[in-house]
Amino acid sequence: MSPLAQNLLLALAWVCLTGDFSLRGLLIGAFLGFLGLTFGQRAPRGRRYTRAVRGSLRLLGSFLWQLVLANLQLARDVLRRELPFRPQLLRLDVRDLGRTQVVLLGNLISLTPGTITVDAEDDGATLLVHTLYAADAEAVRSDLRALAELIVRASGSAPPPPGPPASPPLSPPPPT
């Protein structure tokens, strides 16, 4: 039985045992079931479920925070006399993501004010993103990559290994 099904059964058992047939009771049961599965897990599949739940909560919290900040920033900038926008189309490499993860990333980008996913290449390796705030294109790409990493964690996968350094390290001078 999958860990999700186990968690749901534990939540239903909690609701039946307490007699609290409400959403609050179900959520408390789901939380207690999650804790039970987390501390009682032995199988790697159970660890993946725990990682996925933690990653999903982290993704939700981070996205909601970014959504609020983006709304406030856009509202502030629209009310200014001079618009500070620096629109630009950016290519975002997403070849390390699965199809579902690319779709979720594209939708989250489009939900955030000031950005929209314009296109996904047929091979699924690149997203074309329009942003209003591209004064520093690399900072925008870095923020979008951070969102992509949160999506990977929400899928229950281990976090991706760090990428190559931005510039090669300096080699020592040759001996003379």
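**Entry 1: the sheet**

In what order do the 3 strands of the open sheet stand? I looked this up first, keeping in mind that the model is predicted. The order reads β1-β3-β2, and the pairing is antiparallel. Two strands are left at the edges: β1, residues 88-93, and β2, residues 115-120. Each of these has a single partner strand, so one side of each goes without a neighbour in the sheet. I also noted the twist, which averages 30° from one strand to the next.

Next I followed one pairing along its length. β1 and β3, the latter covering residues 126-131, pair in the antiparallel sense over 6 bridges. One residue to click on here is Q88, whose bridge partner in β3 is T131.

**Entry 2: helices on the sheet**

Which strands does helix α4 touch? I found that α4, residues 99-111, packs on the sheet and touches β1, β2 and β3. The direction of α4 makes about 145° with that of β2. Then I turned to helix α5, residues 137-154. This helix lies across β1 and β3, and it runs at about 45° to β1.

**Entry 3: T131**

I came back to T131, since I had already met it as the bridge partner of Q88. T131 lies in strand β3. Is T131 buried or exposed? Its relative accessible area is 2%, and the cut-off for buried is under 20%, so T131 is buried.

I listed what T131 touches, not counting residues up to four places away in sequence: R86, P87, Q88, L90, G114, T115 and V140. The side chain of T131 also reaches the backbone nitrogen of Y133, at 3.2 Å. I kept Y133 in mind for a later entry.

**Entry 4: salt bridges**

How many salt bridges does the structure hold? The count is 7. A reminder to myself: side chains of opposite charge can pair when their charged atoms come close.

I started with R95 and D93, which form a salt bridge with their closest N and O atoms 3.0 Å apart. R95 counts as exposed, at 62% relative accessibility. D93 is partly exposed, with 36%.

The next pair was R145 and D96, where the closest N and O atoms are 2.8 Å apart. Why does this pair tie together separate parts of the chain? R145 lies in helix α5 while D96 lies in the loop between β1 and α4, so the salt bridge joins parts that are 49 residues apart in sequence. R145 is partly exposed, with a relative accessible area of 22%. D96 counts as partly exposed too, at 46%.

I then looked within helix α5. The side chains of E138 and R141 meet in a salt bridge, at 2.8 Å from N to O. Both residues lie in α5, 3 residues apart, which is about one turn of the helix. E138 counts as exposed at 52% relative accessibility, whereas R141 counts as partly exposed at 23%.

My last note on charges concerns a group: R76, D77 and R80 are linked in a network of salt bridges.

**Entry 5: L67 and its contacts**

Where is the place of L67? I found L67 in helix α3, residues 44-78. With a relative accessible area of 21%, L67 is partly exposed.

Which residues is L67 in contact with, leaving aside its neighbours within four places in sequence? They are L111, T112 and P113. I checked T112 in detail. L67 and T112 are 45 residues apart in sequence, yet their C-alpha atoms are 5.6 Å apart in space.

**Entry 6: the aromatic pair**

I searched for aromatic pairs, and the count came to 1. The pair is F85 with Y133, whose ring centres are 5.6 Å apart. Their planes stand at 75°, so the pair is edge-to-face. This pair links distant parts of the chain, 48 residues apart. F85 lies in the loop between α3 and β1, and Y133 in the loop between β3 and α5. At 18% relative accessibility, F85 counts as buried.

That brought me back to my note on Y133: its backbone nitrogen is reached by the side chain of T131, and its ring pairs with that of F85.

How values were computed:
Residues are numbered from 1 along each chain as its sequence is written. This is a predicted model: local features need pLDDT of at least 70, side-chain atom pairs count only at pLDDT 80 or more; totals for chains, interfaces and linings use all residues. Side-chain values use heavy atoms; hydrogens and water are left out. Two strands pair if DSSP finds at least two bridges between them. Helices (H or I, at least four residues) and strands (E, at least two) are DSSP runs, numbered from the N terminus. Axes are lines fitted to C-alpha atoms, for helices over the stretch in contact, and angles run from 0 to 180 degrees between N-to-C directions. Contact means heavy atoms within 4.5 Å. A salt bridge is a side-chain nitrogen of Lys or Arg within 4 Å of a carboxyl oxygen of Asp or Glu. Buried means under 20% relative accessible area, exposed over 50%, partly exposed in between (1.4 Å probe, protein chains only). A polar contact is a pair of N or O atoms within 3.5 Å; within protein, one must be able to donate a hydrogen and the other to accept it, and residues adjacent in sequence count only if both atoms are side-chain atoms. Rings of Phe, Tyr and Trp (its six-membered ring) pair if their centres lie within 6.5 Å; planes under 30 degrees apart count as stacked, over 60 as edge-to-face and the rest as tilted.
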